[in-house]
Amino acid sequence: MRHGKYRFIIGFLAIPLALYGTLVISPFVQDFQISLTDWTGLTPDKHYIGFDNYRKIIHDHLFWQSLWHNVLLLLIVPIVTLAFGLFFAFMLNVGGRRKGSASVAGVRGSGFYKIVFFFPQVLSVTVIAILWQQIYNPDPEEGVLNVILKDVGLGSLTQSWLGDPKLALACIMAVMVWANVGFYVVLFSAGMSSIPTEIYEAALLDGAKRFTTFFKVTLPLLSDTVATGWVYMGIIAMDAFAFVQLMSVNNGGPNEKTDVVPLLLYKTAFRDNSQYGLAAAMGVAMLVVTLLFAVLTLRLSRRERIEF
Amino acid sequence: MGSEINRRDALKRAMAVGLVAIPSASVLTACATSSGGDKNKPVATGTKSAANPLGVKNGAPLEAFVFKGGFGDDYIKSAEAVYNSTYGTTVKHTGTQAIGPKLQPRFANNTPPDFMDNSGADNLDTAALAKEGKLLDLTPLLNAPTIDDPSKKVSDVLIAGTVQQGQFGSQAMYALNYAFTVYGSWYSNKLFKEKGWTYPQTFDEAIALGAKAKAAGIALFTYPGKYPYYVHFDMFAQFGKVGGKDVLNAIDDLEDGALQVDAVKQVVQYYEELAAKKLFLAGSEGKTHIQMQTDWTKYKAALVADGSWVENEAAPTMPKDFDLAVGPLVGGGPSDKLPFGTVYAAAGEPFIVAANGKNPAGGMELLRIMLSKKQTDNFTNTIKSLTCVQGAADGLTLTPGLASASAALKAAGDNVLNARIQDWYVKLNNETIGNLTAQLLTGQINAAKWIEQAQKACDATKKDSSVPKFKHV
């Protein structure tokens, strides 16, 4: 019978493993293989040149600057997105005044807010980027943001937004947060609804206020969901390609102040003399950074689980 | 017959891949880089005749893969219709904006389409393709008779500079740039008449006009910060106007110290002064080209450095009585090497034919059809742009902007400049120097710094062995 069991297991595993191997592992291996060549992507022939491509990116100041922008995105975008997501989800599910018999309730109109928050999630990144490009239009009469600032008497704060090297990256980060926060509101709402109300009731009996309830009850019980969200957000932040490519001035400008590695990789492979080998080496570097991030996050967030 | 065998082969191959893929993924590691097609695939050839000088085979399939951008692709379809009825086939047509990402795997697998319009922001590097021997030398097309007048060769009717524009450091022409673009400072004649302004001929006049315009609440210039190289349309050509063609050619050839000359200094200082006097529309540095054109058609700025496509592109926001016109290059004055009236004009929209396609003769023939009077008239009438065929716009009723461009080109005579750095070293011009220009126009750096840094960038490109180099011949 043992024999039959293994055959059974192998029978089930073969197809998913083959798919994983073909669609996930093999591109990684190919990428590494290409990174050791001078391939242009335009011909079938290529020559192996050892680690020259890696040597080149190590000495490329633009690569390091782009990587630094990715790191900034990685540090800021997930924290802000998750903090907003948690805050909104808490207010929508727990933070409201008690009505009637329900011991926990969201603020008034929470169903409506949920839809509003989720709305950007149904728009494609392109739509979001074009939309925000109009909002960030520096024109004092057409740029939505500048018009609003002027109308509320803050005319001195009007900016050229995406055209300002000091602000451009922050502007793009804000859009990334806006676009992603809705998903986490829904994710955390689902997590919060699985927390038993008895725990909240006990906290209320002890006289806990909203603030305490959030930090002492909700957050600890949601930590698994937050950790998962963190990894997802981190991957989005490591990419950021579409947002930067569509929104930034001069393809990662002004003055390369918004360039990120995936955009640099794209430009290297598809434009700048079609250097697929060099671009593949950047891809490998990105893979290493992303893996490090995932391992670190999962390690640091590992803690004992509370059963309820 | 040929396609039958290929299909069967392809099926067999697909089945083989399917069988191999499941047990062993490692076999596939060579997939992205493997050569898919046969190197010696059959090439369709027919008998050459007076009506068919390129020897197109009747009924042989032809695949056209074209950029569908500002010009659309109807003008290509119109030529394809003629091809279809002449050669008894149906051209397989694909119009897309993502030329590069879609064509790259086909080139890598040696199965490129026959005929391509390699244009747009995502285009493939034509120079790199030419260097890899992927493109057909179009010299037979240049030597073929034209459709309208068999006594003339195709090369005889092209506007000067068109052939050079398709050459990459040798005599072979790999790309036929079909549209002819006139660049310059574009303005509304109506606005200028209304305000009593005249188009400036010198830097001093431009700055004086800027002061007048500023008093009227209008900025002298605007530009799209998203694409700062728009400013180079004027700026680099002005290097040539002030210092002569040699200065421009030296820059194109990446010669040492090519930017550290007086002509360049004079022009860049003019831009520094414009920035210092705040004659650029505020916020230009954060705008897209559409936002920039919208401000300009709303009379918030007097001039934009742009190409003749602007008439088509800005049409949705341009008032009916705008009366679009283009001015020749503004220069230093009588001391300039080239007179006032010099313009920057170049052929654009590169059409290429694959060297190892199935029907190269058909690809060239389609280009020959596009150069016929019927097709160039159609292009100019519907797209409001000039073609690379001499005098093709004569006798047509032109829109104001096109008429102005056509007149400026005629008046310029031989004084037509073309900065090849813009298509030879795209990254250097658009992004690296573009970044410097963006800083110059916002006053973050001065002219001396621009020249120093731009020269450094040119030197770095010259040293970079991964960048193919070109020289004026």
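Which residue in strand 9 of chain B stands opposite B:Phe180? It is B:Leu386. Keep that pair in mind. This is a predicted model, and I'll start with the strand that holds the pairing together.

Strand 4 of chain B covers residues 176-188. How many of its 13 residues are buried? The count is 13 of 13.

Now its partners. Strand 8, residues 343-353 of chain B, runs antiparallel to strand 4 and is joined to it by seven bridges. There, B:Asn177 faces B:Pro350. Strand 9, residues 386-387, is also antiparallel to strand 4, with two bridges. That is where B:Phe180 meets B:Leu386.

Move on to strand 6, residues 301-307 of chain B. Four bridges link it to strand 4, again antiparallel. Strand 7, residues 324-327 of chain B, has four bridges to strand 4 as well, and this pairing is antiparallel. Look at B:Ser185 here. In strand 6 it stands opposite B:Ala305. In strand 7 its bridge partner is B:Gly327.

Next, domains. Chain B is split into domain 1, 38-179 + 348-406, and domain 2, 181-346 + 415-463. Their C-alpha centres are 31 Å apart. Domain 1 puts 16 residues into the contact, and domain 2 puts in 15. On the domain 1 side, helix 17, residues 400-412, gives the most: five residues. By class, that side has seven nonpolar, eight polar and one charged.

Now the packing. The largest nonpolar core has 145 residues. Among those with the most contacts inside it are B:Leu220, B:Tyr223, B:Phe280 and B:Val343. Each of the two domains of chain B supplies at least three residues to this core.

Take B:Tyr223 as an example. Leaving out residues up to four places away in sequence, it touches, among others, B:Pro228, B:Phe280, B:Met292 and B:Leu441. B:Ala305 is also one of its contacts, and B:Ala305 is the residue facing B:Ser185 in the strand 4 pairing.

There is a second, separate core of 62 residues. It includes A:Ile172, A:Val185, A:Met192 and A:Leu263.

Last, the chain interface. Here 42 residues of chain B are in contact with 39 of chain A. Which elements give two or more residues on the chain B side? Helix 3, helix 4, helix 13 and helix 19. Helix 19 gives the most, with six residues. The chain B side divides into 16 nonpolar, 16 polar and ten charged residues.

Note on methods
Residues are numbered from 1 along each chain as its sequence is written. Chains are lettered from A and ligands numbered from 1 in the order in which they are written. This is a predicted model: local features need pLDDT of at least 70, side-chain atom pairs count only at pLDDT 80 or more; totals for chains, interfaces and linings use all residues. Two residues are in contact if their C-beta atoms, placed from the backbone, lie within 7 Å. Ala, Val, Leu, Ile, Met, Phe, Trp, Tyr, Cys and Pro count as nonpolar, Asp, Glu, Lys and Arg as charged, and the others, Gly among them, as polar. A nonpolar core is a set of buried Ala, Val, Leu, Ile, Met, Phe, Trp, Tyr and Cys residues joined through C-beta atoms within 7 Å. A residue is buried if 20 or more other C-beta atoms lie within 10 Å of its own, exposed if 12 or fewer, and partly exposed in between; C-beta atoms are placed from the backbone. Domain bounds come from an automatic or database domain assignment. Two strands pair if DSSP finds at least two bridges between them.
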